[in-house]
Amino acid sequence: QVQLVESGGGLVQAGGSLRLSCVASGSIFSLNAMGWYRQAPGKQRELVATITSGGSTNYADSVKGRFTISRDNAKNAVYLQMASLTPEDTAVYFCHCNAKRNRFLRSDDYWGQGTQVTVSA
């Protein structure tokens, strides 16, 4: 299996910054795209940002210019630097990856347990 462990969530005032981290571990043959999703109360989970193994990034329109995704392939880690936070960014943030556990298996999607980000007005 592949495990994802997130860290870095918390409570911050509007206009503040937070940095989320996520490390993948376990039986990993190859780590493909990694990313962050979020789910606010009463809403569906939505994409925040993704990054390929080659470093290509994709962002939700709502976070462009405020959030930056990056990864460290040597550490199997992905990060989300969040700035200019607003109360609308309040949600549980989930780390995601697409990975192969060995050369013979197809790739699968894996999720972390989530980390709470709360932005106060």
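Visitor: A polar contact is a pair of N or O atoms within 3.5 Å, where within protein one must be able to donate a hydrogen and the other to accept it, and residues adjacent in sequence count only if both atoms are side-chain atoms. Which side chain does Asp-89 join that way?

Guide: That of Arg-66, through a polar contact of 2.8 Å. Some ground rules: this is a predicted model, in which local features need pLDDT of at least 70 and side-chain atom pairs count only at pLDDT 80 or more, while totals for chains, interfaces and linings use all residues. Residues are numbered from 1 along each chain as its sequence is written, and side-chain values use heavy atoms, with hydrogens and water left out.

Visitor: Thanks! Is Asp-89 buried or exposed?

Guide: Asp-89 is buried, at a relative accessible area of 2%. Buried means under 20%, exposed over 50% and partly exposed in between, using a 1.4 Å probe and protein chains only.

Visitor: Where does Asp-89 sit in the chain?

Guide: In the loop that runs from strand E8 (77-82) to E9. Strands (E, at least two residues) and helices (H or I, at least four) are DSSP runs numbered from the N terminus.

Visitor: And what is Asp-89 in contact with, beyond its sequence neighbours?

Guide: Setting aside residues within four places in sequence, Asp-89 is in contact with Arg-38, Arg-66, Phe-67, Ser-84, Val-117 and Val-119; contact here means heavy atoms within 4.5 Å. Ser-84 is in the loop between E8 and E9 as well. At 41% relative accessibility, Ser-84 is partly exposed, and its phi is positive, near 50°, though the residue is not glycine. For background, most residues other than glycine have a negative phi.

Visitor: Which other residue has a positive phi although it is not a glycine?

Guide: Asn-76, at about 55°. Asn-76 belongs to the hairpin of E7 and E8, with four residues between the strands, and counts as partly exposed at 24% relative accessibility.

Visitor: How many bridges join E7 to E8?

Guide: Six, and the two strands run antiparallel; strands pair if DSSP finds at least two bridges between them. One of these partnerships sets Arg-71 opposite Val-78 in E8. E7 also has two distinct faces: Phe-67, Ile-69 and Arg-71 are on the covered one, while Thr-68, Ser-70 and Asp-72 are on the uncovered one.

Visitor: What sheet do those strands belong to, and in what order?

Guide: An open, four-stranded sheet ordered E1-E3-E8-E7, with antiparallel pairing. E1 and E7 are its edge strands, each pairing on one side only.

Visitor: Switching to E9: why is it described as largely enclosed?

Guide: Because eight of the ten residues in E9 (residues 91-100) are buried, the rest of the structure largely encloses this strand.

Visitor: Which strand does E9 pair with over eight bridges?

Guide: Strand E4 (residues 30-39), running antiparallel to E9. In that pairing, Ala-99 of E9 is opposite Leu-31. Ala-99 also has a bridge partner in E10, Asp-108, as E9 and E10 (residues 108-111) are antiparallel over four bridges. Three more bridges are antiparallel ones to E11 (residues 115-120), where Thr-115 partners Tyr-93.

Visitor: Which residues touch the most other members of the largest nonpolar core?

Guide: Trp-36, Leu-80, Met-82 and Tyr-93, in a core of 31 residues. A nonpolar core is a set of buried Ala, Val, Leu, Ile, Met, Phe, Trp, Tyr and Cys residues joined through side-chain atoms within 4.5 Å. E9 supplies the largest share of this core, five residues. Beyond four places in sequence, Tyr-93 touches residues including Glu-6, Leu-20, Trp-36, Leu-80, Met-82 and Val-117.

Visitor: Last one: how many aromatic pairs does a search of the whole structure find?

Guide: One. The rings of Tyr-37 and Trp-111 have centres 5.0 Å apart and planes at 70°, so they form an edge-to-face pair. Rings of Phe, Tyr and Trp (its six-membered ring) pair with centres within 6.5 Å; planes under 30 degrees apart are stacked, over 60 edge-to-face and the rest tilted. Tyr-37 in E4 and Trp-111 in E10 are 74 residues apart. Tyr-37 is buried at 18% relative accessibility, whereas Trp-111 is partly exposed at 38%.
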